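Colleague: I should like to learn how to read a model of this kind, feature by feature. Where would you begin?

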Amino acid sequence: MRVAVGSAADLDLDAVVAPFRAVDHELCLRIEDADGYPIASTSLDPPALDAVTRAIPGGALAGGRIRVWGSAAGGGLGTAVAESLAAALAAAPITDLAIAAQHAANARRIEEELANGRRLQRAFVALKPPDVPGYDIASHYEAAREVGGDFFDLFRQRHRGHPLSVVIADVTGKGIAAALLMAFVRPLLRAAIEHTTGPAAALERTNKILVEERRSFLFITALAGRLDVRTGHLCFANAGHELPLIVRADGSPPTWLEGAGPLVGAFPRLDVPEISADLAPGDLALFYTDGVTDARSPSGERFDEWRLLETLEDTRGGTAHEVVSALADKVCAFQEPAPPADDITIVAIRRLPAA
Amino acid sequence: MSMDTTVEQVEGAVPITILALEGELDASNFQDLIDTVKRLYDEGTRKLIIDLANLRFMASSGLVALHSIVQIMHGQPPLDPEGGWQALHSLGGDAQTEVRLAGPQASVERVLQRTGLDRMFVVHADRYTAIDAASAAA
């Protein structure tokens, strides 16, 4: 229930709730400003109550509200507690109103800016894969927080034959710092791919820029690949990123494509090897970030490589979209009810079976 | 998810601290590890061996912890992991010897190799060879 209150100060929430504590109940309280924006919320146990009284500077709240939810043995307790709180708040004098209002306004502004950042970032990431005749491409991208440090890119290169370029990367870290570096590195890497002879040279050039200009304050794992769409020949270089996988149409077990060098931005030179693989009709290449394999269940178990392989076996012969969405769903379900702890990116490229 | 740390001291010409990790090093506990090393440094540790023999798994945040640990042992304050940290090249190209790694399991060793972090550390087969090497270097 929701109770409007006029003011609050020096509030002894503990005393207000005490009469009800003896009864078995589950209650949660949230204190909002006049616009309904939360200033504090807590369950009604003594340490949390203490936190609430500390969270309201000077105990001030004017024009604000307390919301109380919960279930109680015998029913009606939620209302009773809420009314008691409201009465206590209404009786209290107003102090430090400006501080509480300012806190709420600041929090709301930051939230709005993060929401804008998230929209902008989603626009950066190629959500709709390019149309490549003879191939079926799908991707999944989900940032754990408002903004994330994962990114991927799929585009046709200008070079002869217009090979398909695939990039997947993870800025180690989360939140705004990672997102800013991601926004800086993504076009850098794309330009390097367009202006070098191959993926290893592109990563080397990107690394050199990051290291020499000292722009890099975080580590980046990055994989850059080039697919000759006429032949199915995939050539890639891997700077510390999760190994990609190939699921062959011939029914053999999925295989990791080994071969990697150090993280981008960490050392003056990468000296990363260039690895080759061929996609035969019906074969699928999978790229992902560690948000997949490092996902945790509520009991602390890791999703791990074996569940990834199991999902690939289960979806064998499926379209790229079916594989990606099955994997994304499985990782999400594995973590529930918790939200994803890390950014998750998955890209699948499947060469269509011969007609 | 959970990781236990055990600290032991080896007395010698230069005292060596052994920090043994057991369990899984990931985003939930890497900051604790950094804090532990910060405390050890403040208490006077100047040679550190991180015994990885019982560490089953290391996530990418473990790499951040290892890098921060090297910084701490260089006497630099580690930067806020949320705010960014200096690139490894700022520490120079050669593996430093203030911090040595000992006995990584295959899965952890693969992560160190894949990410190139093995270039930063001298990695020993076990804590005993690490102690010998650290003592000889002193």
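Modeller: Let us begin with the order of elements in one chain. Reading chain B from its N terminus, one meets the succession β-β-α-β-α-β-α-β-α. That gives chain B four helices and five strands. Please keep in mind throughout that this is a predicted model.

Colleague: What share of the residues in chain B is buried?

Modeller: Of the 138 residues in chain B, 46% are buried. Among the contacts in chain B with a separation of 6 or more, 69% join residues 24 or more positions apart.

Colleague: How does one decide whether a single residue, such as B:His67, is buried or exposed?

Modeller: One counts the C-beta atoms around the residue; 20 or more within 10 Å make it buried. B:His67 has 25 such neighbours inside 10 Å, and therefore counts as buried. This histidine lies in helix α2 of chain B, which covers residues 60–73. Its C-alpha atom is 9.4 Å from that of B:Ile34, although 33 residues separate the two along the chain.

Colleague: Let us turn to chain A. How far does the predictor trust it, and where is confidence lowest and highest?

Modeller: The mean pLDDT of chain A is 77, and 68% of its residues reach 70 or more. Confidence is lowest in strand β1 of chain A (residues 2–4), with a mean of 36, and highest in β13(A), at 98. The pLDDT is below 50 over residues 1–11 of chain A, a stretch for which the model nevertheless has 47 contacts beyond near neighbours in sequence. Residues 46–62 of chain A also stay under 50, with 55 contacts beyond four places in sequence.

Colleague: How should I read a sheet?

Modeller: Strands of a sheet pair through backbone hydrogen bonds, in either a parallel or an antiparallel sense. In chain A, one open sheet has five strands in the order β6-β7-β8-β9-β12, paired antiparallel. At its edges stand β6 (150–156) and β12 (274–278) of chain A; each has a single partner strand, so one side of each is left without a neighbour in the sheet. From one strand to the next, the twist averages 15 degrees.

Colleague: How many bridges join β8 and β9 of chain A?

Modeller: Seven bridges join β8 (residues 220–228) to β9 (residues 233–239) of chain A, and the two strands run antiparallel. Within this pair, A:Ala222 stands opposite A:Ala239. Helix α5(A) packs on the sheet, where it touches β6, β7 (164–171) and β8 of chain A, and its direction makes about 155 degrees with that of β7(A).

Colleague: What can be said of that helix in its own right?

Modeller: One may compare its span with the expected value: α5(A), with 20 residues, reaches 29 Å from its first C-alpha to its last, close to the 28 Å expected at 1.5 Å a residue. Its buried residues include A:Leu181, A:Met182, A:Val185 and A:Leu189.

Colleague: Which residues touch the most other members of the largest nonpolar core?

Modeller: They are A:Leu203, A:Ala222 and A:Ala224, in a core of 107 residues. Helix α5 of chain A (residues 175–194) gives the most to this core, with nine residues. Leaving aside residues up to four places away in sequence, A:Ala222 touches several residues, including A:Val167, A:Leu189, A:Leu203 and A:Val264.

Colleague: Is there a second sheet to examine in chain A?

Modeller: An open sheet of five strands has the order β5-β14-β13-β10-β11 in chain A, with antiparallel pairing. Its edge strands, β5 (135–142) and β11 (255–256) of chain A, each pair on one side only. Helix α9 of chain A (residues 320–335) packs on this sheet, touching β5, β13 and β14 of chain A. Five bridges pair β13 (residues 284–288) with β14 (residues 344–351) of chain A, and A:Ala285 stands opposite A:Ile349 in β14(A).

Colleague: What should I look for in the backbone of the loops?

Modeller: Most residues other than glycine have a negative phi, and most peptide bonds are trans. Here a cis peptide bond joins A:Glu336 and A:Pro337, with omega about 10 degrees; A:Pro337 lies in the loop between α9 and β14 of chain A. A:His162, in the loop between β6 and β7 of chain A, has a positive phi near 45 degrees. A:Asp271, in the loop between β11 and β12 of chain A, has a positive phi near 50 degrees.

Colleague: Are those two residues buried or exposed?

Modeller: A:His162 has 15 C-beta neighbours inside 10 Å and so counts as partly exposed. A:Asp271 has 11 C-beta neighbours inside 10 Å and therefore counts as exposed.

Terms used:
Residues numbered from 1 in each chain as written. Chains lettered and ligands numbered in written order. Predicted model: local features only at pLDDT ≥ 70, side-chain atom pairs only at ≥ 80, totals over all residues. Core = buried A, V, L, I, M, F, W, Y, C linked by C-beta atoms within 7 Å. Buried ≥ 20, exposed ≤ 12 C-beta atoms within 10 Å, placed from the backbone. Contact = placed C-beta atoms within 7 Å. Expected span 1.5 Å × (residues − 1). Pairing = 2+ DSSP bridges. Axes fitted to C-alpha atoms, helices over the stretch in contact; angles between N-to-C directions. pLDDT = per-residue confidence, 0-100.
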